[in-house]
Amino acid sequence: MSTSYRYAEIATALEGRMRDGLYRPGERLPGVRRLAHEFGVSIGTVLEALHRLEAQGRVRARARSGYYVQAPTRSAQPAISTPPPAPAPVRGQDMVLRLLQAANDPAFVQLGAAVPDPRLLPRKALARAVASAYRRYPDAAVDYAFPPGLEALRRQIARHLSAHGTPLHPDALLITSGCLEAVTLALRALTRPGDVVAVESPTYYGLLQALDALGLQALEIPTDPAQGISLEALGFALEQWSVAACIVTTNFSNPLGAVLSSARKRALSELLAAHGVALIEDDIYGDLAFSGVRPDTAKCYDREGRVIYCGSFSKTLSPGMRVGWVAPGVEFERIEFLKYATNLAAPSVLQLALAELLASGAYLRHLREVSAGFALAVGRMRHAVERHFPPGTRVTRPSGGFLLWLQLPAGIDSMALHARAHREGISIAPGPMFSASGKYRDCLRLNAAVPWTPAVERALRRLGALAHELAGD
């Protein structure tokens, strides 16, 4: 087990003791040497764990005295959403491209797009794997890998998912150019222009753009930041409207970071099956659990092949490689044809490289490290928001991924905050981007998958100051 993963485990254990009252606010934690002995690790590993807890605001170091427990933060989670109850065309998405372009502009502090900073990704390992693929498979690396994609990669993905609770055969998988293409192919297979698609609200703006491009209507379903999509509201919507498909990010959703429990995933699958509605399950963040234990999926409970399961390596290994997958269930032949008709195939050399990374165990080792790093980054950014933003700001508490959703106090418009921040070289994602109807002007999303630098600290401090100004403080 890597040192970085071990310190995350120790931090989680200590936080649990604080939550259970074993260590109370104001009390001194056991000394570093004692903790190192207890957990069987080095002093450096314990210090890493304590630094993580300090960044999250759970402990505070006192010179020549040790670490003391801090009272837990009091900021509440954002409220459950209340979107319009009727389907509507997607609108107000014109700023998305500008946001994504800012992500590539080095002049900006990039807190807007949900893209991990390249410095947090295994660039050298990826480069070695690509070079190895060209060397070992010179013909396959430059040839087409027509749908369903290279068997070697499909086999490794199936092994990975099956080992973590989602049993899939390699022949059930089809390789795509990223997760969004997988979702779009599923929508094309299931819908026709004018159809209604149920979505979480708020939801990832890329999904809304896909609906817009296909001429589909979005039916926004209330969603809780902790428990995920409201099954009660979804059930009512299915009774009221003719729904062609439902898209849900079941693990660490974008932007809320919500996770559906196993029971709720089962209930979601059964509810949609009872109404004859296919579920498109977007699980792009599923591998990024802070605990190191991957949650299960709704696909686990699919008995009729009606759950179309989508994922990719964009958030874990490399956004630019554009390699994902789909398990289309009963729609396999249709989606396989659509993939071929759209762009023939996904890049062969990248499929070979990713298959090697998974087979060697390098992917799992990287996951342990990057998940621990994202947990630290999310906690640190959340703590900064609580320090610098106006009182009454609500912040999500995700248990995986790398995104934070903020609900601002009354009177603060995230569109105005976005405009002011943009002029000062800070990129954020305002709330209306995540709604077909342009809701959530009091909300915004922050990307925590960035190195913790003085520039990032200054940007968050400045964002808080701008929010105070908009509040009239």
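The points below go through the aromatic pairs, the charges over rings and the cavities of this predicted model.

1. Residues are numbered from 1 along each chain as its sequence is written. In this predicted model, local features need pLDDT of at least 70 and side-chain atom pairs count only at pLDDT 80 or more, while totals for chains, interfaces and linings use all residues, and side-chain values use heavy atoms, with hydrogens and water left out.

2. Rings of Phe, Tyr and Trp (its six-membered ring) are taken as a pair if their centres lie within 6.5 Å, with planes under 30 degrees apart called stacked, over 60 edge-to-face and the rest tilted; by this rule there are ten aromatic pairs. In one of them, Tyr205 and Phe434, the ring centres are 5.4 Å apart and the planes stand at 55°, so the pair is tilted. Tyr205 belongs to helix H9 (residues 205–213) and Phe434 to the loop between strand S16 (429–430) and strand S17 (443–447), so the pair ties together parts that are 229 residues apart in sequence; helices (H or I, at least four residues) and strands (E, at least two) are DSSP runs, numbered from the N terminus.

3. Buried means under 20% relative accessible area, exposed over 50% and partly exposed in between (1.4 Å probe, protein chains only). Tyr205 is buried at 3%, and Phe434 is buried at 0%. Both residues belong to one aromatic cluster, formed by Tyr204, Tyr205, Trp405, Phe434 and Tyr440.

4. A charge sits over a ring if NZ of Lys or CZ of Arg is within 6 Å of the ring centre and within 35 degrees of the ring normal. The charged end of Lys439 is placed in this way over Tyr440, 5.7 Å from the ring centre, and Arg62 lies over the face of Tyr68, at 3.8 Å from the ring centre.

5. A cavity is a set of points, on a 1 Å grid over the protein atoms alone, where a 1.4 Å probe fits but cannot get out, and its lining residues have an atom within 4 Å of a point; grid points are joined across faces, edges and corners, and a volume is the space filled by probe spheres set on the points. There are two cavities of 30 Å³ or more, and the largest holds about 40 Å³. Its lining includes Asp283, Arg294, Trp325 and Tyr363, and Tyr363 is buried, at 2% relative accessibility.

6. The second largest cavity has about 30 Å³ of space, and its lining includes Phe252, Tyr285, Pro398 and Leu403. Tyr285 is also listed in the lining of the largest cavity.

How values were computed
1 Å grid on protein atoms, 1.4 Å probe; cavity = no way out; pocket = protein on both sides within 12 Å on 5 of 7 lines; lining within 4 Å.
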